[in-house]
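Visitor: I should like to examine this model and the reasoning behind the terms used to describe it. Please show it first.

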Amino acid sequence: MGSITDVAGILVGHHHRLDPDAVLGSGWASGTTVVLTPPGTVGAVDGRGGAPGTRETDLLDPCNTVRHVDAVVLTGGSAYGLAAADGVMTWLEEQGRGVAMEGGVVPIVPAAVIFDLPVGAWGARPTAQFGYEAAASAGTEFALGTVGAGVGARVGVLKGGVGTASMTLENGVTVGAVVVVNAAGDAVDPATGLPWMAEYVEEFGLIPPPADRLTGYADLRTELSPLNTTIAVVATDAELSPAACKRVAVASHDGLARTLRPCHTPLDGDTVFALATGRVAVPPDPKTPTAMSPETRLVTQVGAAAADCLARAVLVGVLAAESVAGIPTYRDMLPGAFE
């Protein structure tokens, strides 16, 4: 399915704490995921959920002054977990990354959280050290599923997790996504037992589960999960303006709407960051009317690809998840799904 790190210069790192004997509501089950960017990366954000937990997102408004982003933090711990961004800032400062000012640098580190506190203990949430360790470990290869910010994630009644995907367009532009799936809604069609939009992952050979397992899954679906918010980063190597990045972030939410039902609810804080490293310059389409932005066609292409990548990444995160604190996984609850 590819990875967001297929976008050259993008790195991802995790740090989490997971007690092997954790039970629901007791023990450590939370973590942090960090996306590091190459210098000069433009960023934007779009939030569609009714219960967001974020930091430095106002800074990403295209009308504001700072253009570049040094890292994005995706973390567990609800609003407490935003402290993880402090550790990422410390690590970046040590690398000399940030807005250069007289006397030092100020790293630009937007962040978003999921609400996973009831999976572990309310006192067991990421700190600045989590962010520092995640940033220090970042690389082109990273684990999926129950790792980093996905350790305490749920999707409906099933275990959620970290997923990623990427694609390359005909114009040579690469687009990728990484997501922490922690939705109040379902990733699974209760009528078939297959993930919504299962055709996006045909490579996995998914087949409908046995009828008895489908009945068992239906019995668990009593109400929306109180554990919610899906957060993600989409990235591209295309050269985009901050306003164009914003439009890509908006379009990316279509990927969540296809694979999580319902999403963008009052219980969710669904937030998607968009990053553009600017390494690939695509000439404007000469057919674009002069009254329109010359980025119009490129933004349309990148936005559509970002939505597809995010949808695939959601499915990867759900399928890769491993059980924590007794929360069943898709593979546990609906066996026979792989052939």
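Visitor: How many helices and strands does the protein chain have?

Guide: In this predicted model, the protein chain contains 6 helices and 14 strands.

Visitor: What makes the protein chain as compact as a globular protein of that length?

Guide: The globule rule, 2.2 Å times the number of residues to the power 0.38, gives 20 Å for 339 residues. The radius of gyration is 19 Å, close to that value, so the chain is as compact as a globular protein of that length. Its C-alpha trace spans about 60 × 50 × 35 Å along the principal axes.

Visitor: What percentage of the residues of the protein chain count as buried, and by which cut-off?

Guide: Buried means under 20% relative accessible area; by that criterion 56% of the 339 residues are buried.

Visitor: Why is the set that includes Leu240, Leu260 and Val302 called a nonpolar core?

Guide: The term requires buried residues of kinds that include Leu and Val, joined through side-chain atoms within 4.5 Å. The largest such set has 51 residues, and Leu240, Leu260 and Val302 have the most contacts inside it. Helix α5 (296–320) is among the elements that each supply at least two residues, and α5 gives the most, with 13.

Visitor: Which residues does Val302 touch?

Guide: With contact meaning heavy atoms within 4.5 Å, and residues up to four places away in sequence not counted, Val302 touches Leu169, Val173, Val175, Thr236, Ala238, Leu240 and Val248. A second, separate core of 24 residues includes Ile4, Ile10, Ile114 and Ile231.

Note on methods. Residues numbered from 1 in each chain as written. Predicted model: local features only at pLDDT ≥ 70, side-chain atom pairs only at ≥ 80, totals over all residues. Heavy atoms only, no water. Helix = DSSP H or I, 4+ residues; strand = E, 2+ residues; numbered from the N terminus. Buried < 20%, exposed > 50% of the residue type's maximum accessible area, 1.4 Å probe, protein only.
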